[in-house]
Amino acid sequence: MLIILRQGAAPEKIEHLEDWFQNQGLDTYKIIGEKQSLMAVLGGAGHIDADWVRSLDIVESVQRISKPYTLVSRDNHPEDTVIEVGDVKIGGGDFTFFAGPCSVESHETLLTIANGIKDGAQILRGGAFKPRTSPYAFQGMGREGIEILEEVKKETGMPLVSEIMDVSQLPLFENVDIIQVGARNMQNYELLKALGKIEKPIFLKRGFSSTLQEFLMSAEYILSEGNPNVILCERGIRTFETATRNTLDLSAVPLLKEKSHLPVVVDPSHACGMARLVKPMALAAAACGADGLMVEVHTAPDRAVSDASQAILPETFNSIVEDVHKILAALK
């Protein structure tokens, strides 16, 4: 059930109504805005008399919810969610570039990459913990990698995004601005619930074989715990095609933006797995309405310790930034 509250409704009456629902064994979630405020009632509110709720003087209207995801739905939150990280805005018409190496390798390498992209990128990406298909592949530098990220953040002023693998690692991410949940962990519900209890933005990647509904339901886990700051990332899905690492589902971008108010970012690097395809797919993502791009960049891709085949040079990244802005200008 979605309750649209009257503008200027008394806070104590809203709190009283919220307590009443909770006493019925239901969960509630409030969004108090300048122009519109609402209360979502979750957990099976079918037995609640909607006409009675509608008769309350603090209630503007009541809607029954048919979608399994409530909080992420644009039906219930028509305006785009804009996530702010310092001076950077993600969503709501701003286009954001997340760029950097797949894995943190050393302070010198990360700093060199950051200095090469910082004119075009707003967020520095780098993996300290790396989930790999093979147990013998490089798994990341762990705590040391996080420390290197923090040092480079101080030196460049760039906010950070890095991937978490487990709830136990959460204390290490105190100075990481955006926490990434990788494709393999998209349905790690205990992790999602834990991330819902913090205020940091969560960069949620679509699972290898996940439907859009499953993707949105994972985001719902985070929002239902109280954290509204979720960024959705389309990074390609597994299909029968073997010519590319994955199949980049660009149709997901307009569909996700139609279904949800959350910002949508595209990762063409993981989707294609080939450096030469990153730029055309990045431009296509911008053209179809994405709110940003996540791109893997390395100063020496052939020597990268992970995902070398998909990393591009800083100069290629900067050319992508230039051409994306041309596309965005043409679309206005």
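Me: At 13% relative accessibility, which is Glu18, buried or exposed?
Reply: This is a predicted model in which local features need pLDDT of at least 70 and side-chain atom pairs count only at pLDDT 80 or more, while totals for chains, interfaces and linings use all residues. Residues are numbered from 1 along each chain as its sequence is written, and side-chain values use heavy atoms, with hydrogens and water left out. Buried means under 20% relative accessible area, exposed over 50% and partly exposed in between (1.4 Å probe, protein chains only). Because its relative accessibility is 13%, Glu18 counts as buried.

Me: Which residues does Glu18 touch, not counting those up to four places away in sequence?
Reply: Glu18 has its place in helix H1, residues 11-23; helices (H or I, at least four residues) and strands (E, at least two) are DSSP runs numbered from the N terminus. Contact means heavy atoms within 4.5 Å. Outside the excluded stretch of sequence, Glu18 touches Thr28, Lys30 and Met39.

Me: With which residues is Ser37 in contact, leaving aside its neighbours within four places in sequence?
Reply: Ser37 is found in strand E3, residues 37-42. At 13% relative accessibility, Ser37 counts as buried. With sequence neighbours within four places left aside, Ser37 is in contact with Ile3, Ile4, Leu5, Ile31 and Ile32.

Me: How many residues does the largest nonpolar core have?
Reply: A nonpolar core is a set of buried Ala, Val, Leu, Ile, Met, Phe, Trp, Tyr and Cys residues joined through side-chain atoms within 4.5 Å. In the largest core, the residues with the most contacts inside it are Leu204, Leu232, Leu293 and Phe317. Helix H6 (residues 212-224) gives the largest share of this core, six residues. The number of residues in the largest nonpolar core is 72.

Me: How many residues are in the second, separate core?
Reply: This core is separate from the largest one and includes Ile3, Ala50, Ile58 and Val62. Its number of residues is 16.

Me: How is H6 oriented to H7?
Reply: The axes of H6 and helix H7 (residues 252-259) come within 11 Å and cross at roughly 50°; axes are lines fitted to C-alpha atoms, for helices over the stretch in contact, and angles run from 0 to 180 degrees between N-to-C directions. Angles under 35 degrees count as roughly parallel, over 145 as roughly antiparallel, 65 to 115 as roughly perpendicular and the rest as oblique. The crossing angle therefore makes H6 to H7 oblique.

Me: Which residues in H7 does H6 meet?
Reply: Leu212, Phe215 and Leu216 are the H6 residues that take part. By class, this contact has six nonpolar, no polar and one charged residues, where Ala, Val, Leu, Ile, Met, Phe, Trp, Tyr, Cys and Pro count as nonpolar, Asp, Glu, Lys and Arg as charged, and the others, Gly among them, as polar. The H7 residues are Ala252, Leu255, Leu256 and Lys259.

Me: At roughly what angle do the axes of H9 and H10 cross?
Reply: Helix H9 covers residues 275-287 and helix H10 residues 314-331, and their axes come within 9 Å. The axes of H9 and H10 cross at roughly 25°.

Me: How many nonpolar residues does the contact of H9 with H10 have?
Reply: On the H9 side, Val278, Lys279, Ala282, Leu283, Ala286 and Ala287 take part. They meet Ser319, Ile320, Asp323, Val324, Ile327, Leu328 and Leu331 in H10. By class, one residue is polar, two are charged, and the number of nonpolar residues is ten.

Me: What separates the C-alpha atoms of Leu328 and Ile58?
Reply: Leu328 lies in helix H10, and its contacts, leaving aside neighbours within four places in sequence, are Phe95 and Ala286. Leu328 and Ile58 are 270 residues apart along the chain, and their C-alpha atoms are separated by 42 Å.

Me: What is the relative accessible area of Val266?
Reply: Val266 has its place in strand E13, residues 264-266. Apart from neighbours within four places in sequence, its contacts include Cys233, Leu248, Ala285 and Leu293. Val266 is buried, with a relative accessible area of 0%.

Me: What is the phi of Asp307?
Reply: Most residues other than glycine have a negative phi. Asp307 is found in the loop between strand E14 (292-296) and H10, and at 17% relative accessibility it counts as buried. Although Asp307 is not a glycine, its phi is positive, at about 50°.
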